[in-house]
Amino acid sequence: MTGILGGSFDPPHRGHIRLAEIAREELGLSRVILIPAGTPPHKELSGGASGEDRLNMARLAAGEREWLEVSDIETYRRGKSYSFDTVSELKARLPGEKLCFICGTDMLMTLHKWYRAEELLRLTAFAALAREEDEYGLLCERAEVLREMGGEIFILRADPMVVSSTDFRQSRDPSLLCPGVYEYIRKNRLYGVE
């Protein structure tokens, strides 16, 4: 089974890599594909890095991990990037491969509102990780609702690294990022880092 971890990656941080590792270990994934968002339908990208910068940083964050890949499937797509379209395209590129969409609590809680949600639930499994202990019960309840809609849902139990891209943009703390990502940011003067 192949994991899919999408996000704005603005910038990619250690928490993203930790989430990919948790999903790989708990679900026995053969690989995880990081997919920097193109133009997401649900939020504006506010970090200021271009799509190409975010793609390059994701590649640096993946580093030498053989099981972690990066795809530009959304980077050069015109218009809004819907998860349904991305998963459909990946299914066509990887015939016969089972996919698992890795996400956080907020995404799983609103999944029923996504574009073509019921069809998406038939195309890919979903795995969600609660960032905090009290979110676990909420995730289990939502998972039951989504299973009734035909979805295969996994709830991951592990200690996540609670960090966000916003945390980095506000603090510019290099310890939140892989060294190569921070060096790229510094070299390209992104996020006000010099």
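**Reading the labels on this fold**

Me: Why is Arg 116 called partly exposed?

Reply: Arg 116 has a relative accessible area of 36%. Buried would need under 20% and exposed over 50%, so a value in between counts as partly exposed. This is a predicted model, so please read each value here as computed from it.

Me: Where does Arg 116 lie, and what is its phi?

Reply: Arg 116 belongs to the loop between H4 and H5. Its phi is positive, about 55°, although Arg 116 is not a glycine.

Me: Which residue in the segment after H8 has a positive phi without being glycine?

Reply: That is Tyr 191, placed in the segment after H8, with phi near 60°.

Me: What makes Tyr 191 buried?

Reply: The relative accessible area of Tyr 191 is 11%. The cut-off for buried is under 20%, so the label holds.

Me: And why is Val 162 called exposed?

Reply: Val 162 has a relative accessible area of 54%, and exposed means over 50%, so the label fits. Val 162 is found in the loop between S6 and H7. The C-alpha atoms of Val 162 and Gly 15 are separated by 6.5 Å, although these residues are 147 apart along the chain.

Me: How many aromatic pairs are there, and what makes Phe 168 and Tyr 182 one of them?

Reply: The count comes to seven aromatic pairs. The ring centres of Phe 168 and Tyr 182 are 6.2 Å apart, with 85° between the planes. Centres must lie within 6.5 Å, so the two rings pair, and planes over 60 degrees apart make the pair edge-to-face. Phe 168 sits in helix H7 (residues 165-171) and Tyr 182 in helix H8, 14 residues apart, so the pair links distant parts of the chain.

Me: Why is the pair of Phe 168 and Tyr 191 called edge-to-face?

Reply: Their ring centres are 6.0 Å apart and their planes stand at 85°, so this pair is edge-to-face as well. Here Phe 168 in H7 meets Tyr 191 in the segment after H8, 23 residues apart. Phe 168 itself has 0% relative accessibility and therefore counts as buried.

Me: Which residues form one aromatic cluster?

Reply: Tyr 82, Phe 84 and Tyr 115 do.

Me: What makes the charged end of Arg 157 sit over the ring of Tyr 136?

Reply: The charged end is 3.7 Å from the ring centre, which is within the 6 Å limit. The placement over the ring also requires an angle within 35 degrees of the ring normal.

Me: How do you know that the span of helix H6 agrees with its number of residues?

Reply: H6 covers residues 135-148, and its 14 residues should span 20 Å at 1.5 Å a residue. The end C-alpha atoms are 20 Å apart, which agrees.

Me: Which residues of H6 are buried, and why are they said to be on the same side?

Reply: The buried ones are Glu 135, Leu 139, Arg 142, Ala 143 and Leu 146. They cover an arc of only 110° around the axis, which puts them on the same side of H6. The face turned away from that side carries the exposed residues Glu 141 and Glu 148. Covering the buried residues are, among others, helices H4 and H5 and strands S5 and S6. Just after H6, Gly 150 takes a positive phi of about 105°.

Me: Which members of the largest nonpolar core touch the most other members?

Reply: Of its 34 residues, these are Leu 5, Val 32, Met 57, Leu 68 and Ile 185. H1 gives the largest share, six residues. Leu 68 touches Ile 17, Ala 20, Val 32, Leu 34 and Ala 62, leaving aside residues up to four places away in sequence. A second, separate core holds 25 residues, including Phe 101, Cys 103, Trp 114 and Ile 155.

Me: Which residues does a cis peptide bond join?

Reply: Asp 10 and Pro 11, with omega of about 5°. Pro 11 is in the loop between strand S1 (2-7) and H1.

Technical notes:
Residues are numbered from 1 along each chain as its sequence is written. This is a predicted model: local features need pLDDT of at least 70, side-chain atom pairs count only at pLDDT 80 or more; totals for chains, interfaces and linings use all residues. Side-chain values use heavy atoms; hydrogens and water are left out. Helices (H or I, at least four residues) and strands (E, at least two) are DSSP runs, numbered from the N terminus. The expected span of a helix is 1.5 Å times one less than its number of residues. Buried means under 20% relative accessible area, exposed over 50%, partly exposed in between (1.4 Å probe, protein chains only). The arc is that of the directions from the helix axis to the C-beta atoms. Contact means heavy atoms within 4.5 Å. A nonpolar core is a set of buried Ala, Val, Leu, Ile, Met, Phe, Trp, Tyr and Cys residues joined through side-chain atoms within 4.5 Å. Rings of Phe, Tyr and Trp (its six-membered ring) pair if their centres lie within 6.5 Å; planes under 30 degrees apart count as stacked, over 60 as edge-to-face and the rest as tilted.
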